[in-house]
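The following exercises concern a helix and two pockets. Please inspect the sequence and the coordinates before reading each solution.

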Amino acid sequence: QITTLINHKDKPKRSDKTLQAIQRVGQAVNLAVGRFVTVGEAIANENHELKEEMSIACIEARRAGETIAQLTDVASLDHPESDSHITIFTDKTGVVKAARLLLSSVTKVLVLADRIVIKQIITSRNKVLATMEQLEKVSSFQEFVQIFSQFGNEMVEFAHLTGDRQNDLKDEKKKARMAASRAVLEKCTMMLLTASKTCLRHPDCESARINKDGVFHRMRIALEQVIEIVTDSRPNGENEMAPISIYSGIKEFKNKVEGLRENLYFLSKENLSTMLEVILEHTEDFTDSAYTSHEHREHILELSKQAKMELEQLVSVWMQAQNQKTKDLMEDLEVAILKTCQCMNELKREVHSAATSLAADLLKYHTDHMVLKALKITGVEGNLEAVAEYTCKLSEQKEQLVEV
């Protein structure tokens, strides 16, 4: 609606219909701002530490909304002296200025509201951590039950807050990490009860203590990960580097190769060779993997070899074309560009096929959770040798999952 107001074309005369339409838009903006600000003011009243900032932002937004309504009000334009040149607002910069103020104040309200949500999640996490410390130190089962009841309520509150936050996240990777952390916390809460009960009943049992400590440690890691996602921070202040994928590498390589049609001198042959080397190094993740089929491995190696040959041919024709731009040489260059790009497309398809095949195999082999089921049974039986064997198999599955 704001865009409609700002983008309207100035004309010397306007019909009543246009004037009425623009007035309706102006009023609609003002009403929407009013509803938005009411929510902002309610949030401000509940959170005293940000009340002043939030109130100022709400006042600014309300003022900007009212200004837009006034500037688009037809009644205020009833000036007899300007009857022959009625325009919807005498000074368009006034509306632009009001719109900018409105957008900045609305953004401020949203940012402040977001800070409140983040603070609520952090406060809830701190409560959970404090109760966890009490649970670790208890010496009687009766005391444990009392504190665990409080801990359960705090975990429910934390689950609600983080669930809402998860739904608000736009980044799919962050959303998945949040879901994983929340799932770990849910499972660990149940495990915590069993592990602590066992430890209290058998205080001299070393493995029971190690198991209990492991559950507490896993929960702390999951809680920390939730806060990292919510506050968009990383441990030790390290920056998240986007990994260079084969897909993006091939896309950039092809863009550079196709760019030779327009300009023969915009990059060096060393630059192209290095780019191809990086892509082929990444394909070694597939060819060196024990889980890649023999057929896929052979095709990837074959296409990697072909890509090197096509690039050599391209560079040869390209260097000649730089010295003398004859028609025949330019045609040869076009053929070399097409062949190189086609080869890279085939390599991309083959790697993609290998990746999806590996993922499908992984899902097919592990849907029945045979190893986990066997680990549970042998654990209940107290068969330590079998537990060790299945633990080893589970570790192998984990490595395969990470690789895929």
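Three exercises with worked solutions follow, all based on a predicted model.

**Exercise 1.** Determine the span of helix α6 and locate its kink.

*Solution.* Step one: α6 covers residues 172-201, which amounts to 30 residues. Step two: from its first C-alpha to its last, the helix reaches 44 Å, close to the 44 Å expected at 1.5 Å a residue. Step three: the axis of α6 nevertheless has a kink of about 25 degrees, centred on M191. Step four: at the start of α6, a side-chain oxygen of D171 comes to within 2.8 Å of the backbone nitrogen of K173.

**Exercise 2.** Identify buried residues of α6, then describe the second largest pocket, to whose lining this helix contributes.

*Solution.* Step one: buried means under 20% relative accessible area; the buried residues of α6 include M178, L185, L192 and A195. Step two: the second largest pocket holds about 640 Å³ of space. Step three: 15 residues line this pocket, and M191, A195, I210, N211 and V215 lie nearest its centre. Step four: α6 and α7 (206-231) each supply at least two lining residues. Step five: by class, the lining has 8 nonpolar, 5 polar and 2 charged residues.

**Exercise 3.** Characterise the largest pocket by its volume and its lining.

*Solution.* Step one: its volume is about 1200 Å³. Step two: of the 22 lining residues, V371, L372, L375, K376 and L394 are the closest to the centre. Step three: the elements that give two or more residues to this lining are α11 (327-366), α12 (370-381) and α13 (384-403). Step four: the lining divides into 11 nonpolar, 7 polar and 4 charged residues.

Notes. Residues numbered from 1 in each chain as written. Predicted model: local features only at pLDDT ≥ 70, side-chain atom pairs only at ≥ 80, totals over all residues. Heavy atoms only, no water. Helix = DSSP H or I, 4+ residues; strand = E, 2+ residues; numbered from the N terminus. Expected span 1.5 Å × (residues − 1). Bend = angle between axes of the 7 residues up to and from the residue. Buried < 20%, exposed > 50% of the residue type's maximum accessible area, 1.4 Å probe, protein only. Polar contact = N/O pair within 3.5 Å; in protein donor to acceptor, adjacent residues only side chain to side chain. 1 Å grid on protein atoms, 1.4 Å probe; cavity = no way out; pocket = protein on both sides within 12 Å on 5 of 7 lines; lining within 4 Å. Points joined across faces, edges and corners; volume = space filled by probe spheres on them. Nonpolar A, V, L, I, M, F, W, Y, C, P; charged D, E, K, R; others polar.
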